[in-house]
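Let's take a walk through this structure together, one region at a time. Have the sequence and the 3D view at hand as you read.

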Amino acid sequence: MKIQIINGPNLNLLGVREKSIYGNTGFETYLEQLHSLYPALEIDYYQSNIEGEIINKLHQIGFSYDGVVLNAGAYTHTSIAIADAIVAINTPVVEVHISNVYKREEFRHTSMLAASCKGVIAGFGMDSYRLAIESLLIVN
Ligand code: DQA
């Protein structure tokens with residue numbers, strides 16, 4: 001089973017950026033934990049700060065992978081183009097957020113992507129990514 005994790009803008013700074021919200025762990029370190037938790041899964045990771053590159057990655061893997069875990073960062077709240085890409089591909093996408101966006105500023109309460117995704121997981125810190133993988137393992 002092949003899972004693609006995609007992180008959007010500013011998530012390259014995890015472990016450095018706003019630690020009180022996003023924690024102390026860089027994503028590469030967390031990814032090692034995911035790989036050891038799920039040795040049977042192929043878990044690939046991609047990060048981009050650029051909207052079009054996120055769309056290109058969805059197009060590239062979205063007809064062959066079994067699931068996408070997408071934290072589109074602030075593009076979650078703005079990007080109809082990413083929503084269209086999610087609809088265009090065959091692979092199910094789970095929207096994730098490290099923080100509980102519903103406890104934060106009102107502009108973070110709207111997701112342009114959620115309606116096009118299999119589901120949404122938010123507010124569990126880095127564990128949101130693991131929970132998203134678990135949700136993709138559920139056959140339905
Ligand atoms: C985020 C929440 C977004 O509102 C924010 O713009 C991010 C990170 C999260 O993981 O909590 O960059 O997606």
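**A guided walk through the model**

We can begin with helix α3, which spans residues 51–61 and has Ile54, Ile55, Lys57, Leu58 and Ile61 as its buried residues. If you look down the axis of α3, these buried residues fall within an arc of 160°, so they line one face of the helix. The general geometry helps here: an α-helix has 3.6 residues a turn, so residues three or four places apart point the same way. Keep in mind throughout that this is a predicted model. What does the buried face of α3 pack against? Its partners are β1, β2, β3 and the helix α4, residues 80–88.

Just before α4, in the loop that links β3 to that helix, you will find Ser79. Is Ser79 buried or exposed? Its relative accessibility is 1%, and because buried means under 20%, Ser79 counts as buried. This residue also leads us back to α3: Ser79 touches Glu51, along with Met112 and Leu113, when residues up to four places away in sequence are not counted. Ser79 and Glu51 are 28 residues apart along the chain, and their C-alpha atoms are separated by 8.1 Å.

Next, turn to helix α5, made of residues 127–137. Its buried residues are Ser128, Tyr129, Ala132, Ile133, Ser135 and Leu136. Seen down the axis of α5, they too lie within an arc of 160°, so they line one face of this helix. That face packs against β1 (2–7), α2 (27–37), β2 (42–47), β3 (67–71), β4 (93–97) and β5 (119–122).

Two residues of α5 lead us into the interior. The largest nonpolar core has 22 residues, and those touching the most other members are Ile5, Phe27, Leu34, Ile43, Val69, Tyr129 and Ile133. At least two residues of this core come from each of β1, α2, β4 and α5. Ile5 makes a good place to stop and look around: leaving aside neighbours within four places in sequence, Ile5 is in contact with Phe27, Leu31, Leu34, Ile43, Asp44, Tyr45, Tyr46, Val69 and Tyr129. Apart from the largest core lies another, of 18 residues, including Ile55, Ile61, Ile89 and Leu113. Ile55 and Ile61 may look familiar, as they are among the buried residues of α3. As a general pattern, nonpolar side chains in soluble globular proteins tend to be buried together.

Now for the ligand. Which residues surround the ligand? They are Arg17, Tyr22, Asn71, Gly73, Ala74, His77, His97, Ile98, Ser99, Val101 and Arg108. Some of these can be followed down to single atom pairs. In the side chain of His77, an N or O atom is 2.7 Å from an oxygen atom of the ligand. For Ile98 the partner is a polar backbone atom, 2.7 Å from an oxygen atom of the ligand. Arg108 has a polar side-chain atom that lies 2.9 Å from a ligand oxygen atom. Taken alone, the ligand exposes 310 Å², and the protein buries 99% of that.

One of the surrounding residues, Ser99, deserves a further look. Ser99 lies in the loop between β4 and β5. With a relative accessible area of 8%, Ser99 is buried. Its side chain is joined to that of Arg104 by a polar contact of 2.9 Å. Beyond its neighbours within four places in sequence, Ser99 is in contact with Ile21, Tyr22, Arg104, Ala122 and Gly123.

Our last stops are in two other loops. Between β1 and α1 (19–22) sits Asn10, which has a positive phi of about 75° although it is not a glycine. Most residues other than glycine have a negative phi. The loop between β1 and α1 also holds Glu18, whose phi is positive as well, near 30°. Asn10 is partly exposed, with a relative accessible area of 38%, and Glu18 is partly exposed too, at 43%.

Finally, Thr25 lies in the loop between α1 and α2. Thr25 is partly exposed, with a relative accessible area of 29%. Leaving aside neighbours within four places in sequence, Thr25 is in contact with Leu14, Gly15, Tyr30 and Met126.

Conventions
Residues are numbered from 1 along each chain as its sequence is written. This is a predicted model: local features need pLDDT of at least 70, side-chain atom pairs count only at pLDDT 80 or more; totals for chains, interfaces and linings use all residues. Side-chain values use heavy atoms; hydrogens and water are left out. Buried means under 20% relative accessible area, exposed over 50%, partly exposed in between (1.4 Å probe, protein chains only). Helices (H or I, at least four residues) and strands (E, at least two) are DSSP runs, numbered from the N terminus. The arc is that of the directions from the helix axis to the C-beta atoms. Contact means heavy atoms within 4.5 Å. A residue is near a molecule or strand if one of its heavy atoms lies within 4 Å of it. A polar contact is a pair of N or O atoms within 3.5 Å; within protein, one must be able to donate a hydrogen and the other to accept it, and residues adjacent in sequence count only if both atoms are side-chain atoms. Accessible areas come from the Shrake-Rupley method with a 1.4 Å probe; for residues, only the protein chains shown count as cover. A nonpolar core is a set of buried Ala, Val, Leu, Ile, Met, Phe, Trp, Tyr and Cys residues joined through side-chain atoms within 4.5 Å.
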